[in-house]
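Trainee: Please take a close look at one part of this model, the ligand site and the sheet behind it. I would like one connected account.

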Amino acid sequence: MEEKINLLKQDLNKTFENFTNDKKEVKSLNELDLLESKYLGKKSLIAQTLKNINEFPHEVKPFVGKTVNEVRNKIENEIKNLRDELNLIEFDRKLREEKFDLTLPGRLLPLGSKNIINKVIEEIQEIFIGLGYEIAEGPEVETDYYNFEALNHPPDHPARSLHDTFFIDDKILLRTHTSPVQIRYMEKNKPPVYIIAPGKVYRKDYDVTHTPMFTQIEGLAVDNNINFGNLKWTLETLAHSFFGKDRKVRFRPHYFPFTEPSAEVDVSCNICGGKGCRVCSGTGWLEILGAGMVDPNLYKYVNYNPDEVTGFAFGMGIERMAMLKYGIDDLRLFFENDIRFLRQF
Ligand code: DAH
């Protein structure tokens, strides 16, 4: 038995010696893994001896176990130290290799463009801000009172039926125009009033020139000496700033319940220069908006004194303004979100 133990001791010494020699050759973590499995893995002398320790008589087992474990611990320790060392070297190498150049240009994200409707709203806002106007807003879900009644449409007024209204119930609806903002603003603010109010409006309508939702800008000026000449000048200024200095503007008599007198306003057609073509249906003119002097009757709804103030109002469709300016021939294009269309602006 003593001989068997001596033999084992010799083998273990030899193993450690071999390990020490092999270790010197290890240059990488991969090679270290191989070394570890060779000397500590299942088939190694150390693992096999521990596994078959029952081949030794009971009394010597503790001694055999201790002897083998001593060698195993020594090898484990050396492997651990070497692994730490190699990890450091590897980390250092990565740091050096992965050094990145902060001066290289970054990856460019594709830039979106401003939506054409917002662009036109902003352009028109800028024109009126330049004239001293403020921007006002009102709710899209509106009451019958603001959308119709306070704008001079009593309950059975025939003009109500022109609006193709989406009703939510008897009294609540989706606003059919931005004109209710006039009433809401005057209710809360004393004259003088100079506002424009952009926003979405809704009507039950759908074809080449109508969509159930579209965008309007409302304008309102109320002060103590406002006349029709002021309205004409203001809308001419708008037309010249938005469409170009060379465009002519004309006013045609019209009817709106909340203005008196009322007018529809046209600009000269830029396609044919006013001679008449397909776009302007041969008339030489393109309609851009509705306008008029605020009907004094409205003032009683907002506690203004009709003997002290006069005013004008106007309302225009933003999509229509954009179509006329950019030569777009189908209103529905604005709402389809085709990137090829949107990118052009
Ligand atoms: N609200 C009208 C519409 O949607 C447009 C309009 C016409 C507004 C005349 C006005 C105005 O303020 O004075 O058809």
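Mentor: Here is the ligand site, followed by the sheet and a few backbone details. This is a predicted model, where local features need pLDDT of at least 70, side-chain atom pairs count only at pLDDT 80 or more, and totals for chains, interfaces and linings use all residues. Residues are numbered from 1 along each chain as its sequence is written, and side-chain values use heavy atoms, with hydrogens and water left out.

Start with the ligand. It sits in the largest pocket. A pocket here is an open set of points on a 1 Å grid over the protein atoms alone, where a 1.4 Å probe fits, with protein on both sides within 12 Å along at least five of seven lines. To sit in it, a molecule needs more than half of its atoms within 2 Å of the grid points. The elements that give two or more residues to the shell around the ligand are β5 (213–223), β8 (285–294) and β9 (310–317). Strands and helices are DSSP runs numbered from the N terminus, with at least two residues (E) for a strand and at least four (H or I) for a helix.

In total, 15 residues surround the ligand; each has a heavy atom within 4 Å of it. The closest are His177, Ser179, Arg203, Gln216 and Glu218. By class, the shell holds five nonpolar, eight polar and two charged residues. Charged means Asp, Glu, Lys and Arg; nonpolar means Ala, Val, Leu, Ile, Met, Phe, Trp, Tyr, Cys and Pro; the others, Gly among them, are polar.

Now the polar contacts, pairs of N or O atoms within 3.5 Å. An N or O atom in the Arg203 side chain is 2.8 Å from a ligand oxygen. A polar side-chain atom of Gln182 lies 3.1 Å from an oxygen of the ligand. Ala313 uses a polar backbone atom, 3.2 Å from a ligand oxygen. The protein covers 91% of the 350 Å² of accessible area that the ligand has on its own, by the Shrake-Rupley method with a 1.4 Å probe.

Turn to the sheet. It is open, has seven strands with mixed pairing, and runs β1-β4-β5-β9-β8-β7-β6. Strands pair if DSSP finds at least two bridges between them. β1 (134–135) and β6 (249–256) stand at the edges with a single partner strand each, so one side of each has no neighbour in the sheet. β4 (residues 193–202) pairs with β5 in the antiparallel sense over ten bridges. Val193 has Val222 in β5 as its bridge partner. β6 and β7 (residues 259–268) are antiparallel too, over seven bridges. A hairpin of two residues joins them. Arg250 stands opposite Asp266 in β7.

Finally, the backbone. Pro191 and Pro192 are joined by a cis peptide bond, with omega about 5 degrees. Pro192 is in the loop between α7 (180–188) and β4. The bond from Glu260 to Pro261 is also cis, with omega near -5 degrees; Pro261 is in strand β7.

How values were computed:
A polar contact is a pair of N or O atoms within 3.5 Å; within protein, one must be able to donate a hydrogen and the other to accept it, and residues adjacent in sequence count only if both atoms are side-chain atoms. On a 1 Å grid over the protein atoms alone, a cavity is a set of points where a 1.4 Å probe fits but cannot get out, and a pocket is an open set with protein on both sides within 12 Å along at least five of seven lines; lining residues have an atom within 4 Å of a point.
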